[in-house]
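Here's a friendly walk through a protein chain for anyone meeting it for the first time. Have a look at the picture, then read on.

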Amino acid sequence: MVERSYLGEYQPSLEDLKRHLRITSDDLDGTLEMYLRAAIESAEHHIGRTIALSEYTYSGWFTRSFEMKPPFRRVVRVEVDGVQLTEDEYRIDRRTILLSPEVMGESLLVTYEAGMASVPFDMMAAILLSASKLFNNPVDSVESLPSVAKNLLRPYRSYGMSDGVEF
């Protein structure tokens, strides 16, 4: 199982979305925050990369290799059967953690950070457009992203050949 937690503020921010929608009140912040996160995650699914700086924790069965979401930033912790591994007991190949042959166990815990250091303006515009569509008409479309958002995100789309390079 993989759990995600956001690290600090993400781009675009709630304030950016409120300006985009011309909302000055704080009454709708909870709903707008939900739509903004949904729009960010929808854009992430579309391009195949993590946008918002996030910490991921995988907890599950032991495996010798574990692939992290791009753009991978750093490994926080690697544990096998509750014992933290040293950097000599694993290596990182692009965005895959490879455990040394001597490491054995039944369970694996990996915590790592992924996401973009800064979000390009066209990507932020796509996210704001998607979030505002959810806010203005949340049940009207079966489309995952508005067409203009897809067009803005097209240059960032990954087709399974990621080299782990950060934006």
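Let's begin with a bit of vocabulary: when two helices cross, the crossing is called left-handed if the near helix is turned anticlockwise from the far one by less than a right angle, and right-handed if the turn is clockwise. Keep that in mind for the helix pair below. One more thing before we start: what you see is a predicted model.

**The whole chain**

The chain holds 4 helices and 8 strands. Follow the sequence and you meet them in the pattern β-α-α-β-β-β-β-β-β-β-α-α. Along the principal axes, the C-alpha atoms fill a box of roughly 60 × 35 × 30 Å. The chain has 167 residues, and 40% of them count as buried. If you take the contacts between residues at least 6 apart in sequence, 73% of them join residues at least 24 apart.

**Two helices that cross**

Now for that helix pair. Helix α1 covers residues 14-21 and helix α3 covers residues 121-136; their axes come within 10 Å and cross at roughly 65°. In the terms introduced above, the crossing of α1 and α3 is right-handed. Which residues meet there? From α1 come Asp16, Leu17, His20 and Leu21, and from α3 come Leu128, Leu129, Ala131, Ser132, Phe135 and Asn136. Sorted by character, the residues of this contact are 6 nonpolar, 3 polar and 1 charged.

**The sheet of 5 strands**

One open sheet has 5 strands in the order β1-β2-β8-β4-β5, with antiparallel pairing. The edges belong to β1 (2-6) and β5 (83-84); each has a single partner strand, so one side of each is left without a neighbour in the sheet. Strand β4, residues 72-80, pairs with β5 in the antiparallel sense over 2 bridges. Here valine 80 stands opposite valine 83 in β5.

**The sheet of 3 strands**

There is also an open sheet of 3 strands, ordered β3-β7-β6, again with antiparallel pairing. Why do β3 and β6 each have one side without a neighbour in the sheet? Both β3 (65-67) and β6 (90-93) stand at the edges with a single partner strand each, so there is no neighbour on one side. From one strand to the next, the twist averages 20°.

Strand β7 covers residues 96-99, and β3 pairs with this strand in the antiparallel sense over 3 bridges. Between β6 and β7, which also run antiparallel, there are 4 bridges. The β6 and β7 hairpin has 2 residues between the strands, and arginine 94 takes a positive phi near 60° in this hairpin.

If you'd like to find bridge partners on screen, here are two to try:

| Residue | Bridge partner in β7 |
|---|---|
| phenylalanine 66 | isoleucine 97 |
| tyrosine 90 | leucine 99 |

A handy rule while you look: in a regular strand the side chains alternate between the two faces of the sheet.

**Three residues to visit**

First stop, lysine 18, which lies in helix α1. Is lysine 18 buried or exposed? Its relative accessible area is 3%, and anything under 20% counts as buried, so lysine 18 is buried. The side chain of lysine 18 makes a polar contact of 2.7 Å with the side chain of aspartate 26. Setting aside neighbours within four places in sequence, lysine 18 is in contact with Ile23, Ser25, Asp26, Asp29 and Leu32.

Next, isoleucine 47, found in helix α2, which covers residues 29-47. Isoleucine 47 is buried too, with a relative accessible area of 0%. Its contacts, again leaving aside neighbours within four places in sequence, are Met116, Met123, Leu153, Tyr156, Arg157 and Ser158. Then there is proline 155: this residue is 108 residues away from isoleucine 47 along the chain, while the two C-alpha atoms are separated by 8.7 Å.

Finally, proline 70 sits in the loop between β3 and β4. With 6% relative accessibility, proline 70 counts as buried. How far apart are the C-alpha atoms of proline 70 and aspartate 26? They are separated by 34 Å, with the two residues 44 residues apart along the chain. Aspartate 26, you may recall, is the residue whose side chain joins that of lysine 18 in a polar contact.

Definitions and conventions. Residues numbered from 1 in each chain as written. Predicted model: local features only at pLDDT ≥ 70, side-chain atom pairs only at ≥ 80, totals over all residues. Heavy atoms only, no water. Pairing = 2+ DSSP bridges. Axes fitted to C-alpha atoms, helices over the stretch in contact; angles between N-to-C directions. Contact = heavy atoms within 4.5 Å. Nonpolar A, V, L, I, M, F, W, Y, C, P; charged D, E, K, R; others polar. Buried < 20%, exposed > 50% of the residue type's maximum accessible area, 1.4 Å probe, protein only. Polar contact = N/O pair within 3.5 Å; in protein donor to acceptor, adjacent residues only side chain to side chain.
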